[in-house]
Structures are given as C-alpha cells and as structure tokens.
Amino acid sequence: MSEMEVEQIIETKPRKMAMPTSLDKEAIREAYEDIRSNLTDTEFAIFKFDGLKIVCSQKGIGFDEFCNGFHDDERAFGYIRIQMGDEMSKRSKFLFLTWIGPEVGVMQRAKMSTDKSIIKDILNNFAVELQVESRNDLDLEMFKEHLNKAGGANYGTGVREFF
C-alpha cells in the first residue's frame, strides 16, 4: 500500500448510522389505558423523546395543563380525552396529537413520520389525528370542531321551538 492510500484510509471517517427510535411500551400502554378508562380521571398523556426512546413524560387532567406540556424546542406526541356532546348525549372522544415545536430542526422534523408510526402501534384508537407546530394551534375549540366533524351524529340542543 502506498503512503497516499494509507492516508486516505486514516482520513476516512466511519459513517454514522441512524439509530432507530424505541418505546417505553409498558409506560405508554399504561397511560393509554388510563386515559381510555372510565374509572380514572386522567384525561391526557404526553410522550416525549428521552434520547432515542419515546417515554411517557406527563399524565394529567385539564386542557391547560396538557397545552403547557409542549415546548417550542421539542418534538412530542399527545393523547387526550375530550368530553363531547350536548345535554342530550355526553361521550368521550380521543385525539392523537403530533407536536413539532417551531424551533425543531429539519432533520428532527423529517424523522417524526417514522417515529409517529411506531407510537401509533400502541395509541391506535382515536377519532382525530392532528399535527400541531404552534402554541396558537393548541386550541380546545378547534380540537372539538375536528372531533365533531369526525364524530357523526350531533343531536343539537334539545330545545324545540314551535312556530
């Protein structure tokens, strides 16, 4: 081997291989079942990245607390139970949210589609799926509007006016 060939071999850097994202399946499944249960008050869970692993970072009650769990410099997923209906019919509907904060880089944004498919193996029962990239889009009325569109029958107020 010539000296030049040896230098080329030494200067060649090993290629970085993208490591696959993994899940804390047990914690994610537990949070999912907790939200879906009528026996608990838990309304939401937020799943964030801990290195290359998606973990359950927060569970709780209340839409404001749910919204406060998302930050501009991170990627996350949310699963929330929202009470829908009117005085004639109350029912729980479930929404799956993909959060990509406005400060998240291009490569991390691109990786979200494959990461989303992994977590959706567990979080697989929801009426609406949304991707949100701005705090302004974390809006309960907008979420309810999407759930109403996806939800079928809407019976009205139950008040009848006779003319």
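## Helices packed on a six-stranded sheet

In this predicted model, helix 4 (residues 106-119) lies across strand 1, strand 2, strand 3 (53-60), strand 4, strand 5 (89-100) and strand 6, and runs at about 60 degrees to strand 4. Helix 5 (residues 140-151) also packs on the sheet, where it touches strand 4, strand 5 and strand 6. The table sets out the angle of each of these helices to strand 4.

| Helix | Residues | Angle to strand 4 |
|---|---|---|
| Helix 4 | 106-119 | about 60 degrees |
| Helix 5 | 140-151 | about 70 degrees |

The sheet itself is open and consists of six strands in the order 1-3-2-4-5-6, with mixed pairing. Its edges are formed by strand 1 (22-23) and strand 6 (128-132), each of which pairs on one side only. Within the sheet, strand 2 (residues 44-50) and strand 4 (residues 75-86) run antiparallel and are joined by five bridges. Lys48 has Ala76 in strand 4 as its bridge partner.

Helix 2 (residues 25-36) comprises 12 residues and spans 16 Å from its first C-alpha to its last, close to the 16 Å expected at 1.5 Å a residue. Its buried residues are Ile28, Ala31, Tyr32, Asp34 and Ile35. These residues lie on the same side of helix 2 because they cover an arc of only 160 degrees around the axis. In general, an α-helix has 3.6 residues a turn, so residues three or four places apart point the same way. The cover over the buried residues of helix 2 includes strand 1, strand 2, strand 3, strand 4 and strand 5, together with helix 4.

Conventions: Residues numbered from 1 in each chain as written. Predicted model: local features only at pLDDT ≥ 70, side-chain atom pairs only at ≥ 80, totals over all residues. Heavy atoms only, no water. Pairing = 2+ DSSP bridges. Helix = DSSP H or I, 4+ residues; strand = E, 2+ residues; numbered from the N terminus. Contact = heavy atoms within 4.5 Å. Axes fitted to C-alpha atoms, helices over the stretch in contact; angles between N-to-C directions. Expected span 1.5 Å × (residues − 1). Buried < 20%, exposed > 50% of the residue type's maximum accessible area, 1.4 Å probe, protein only. Arc of directions from axis to C-beta.
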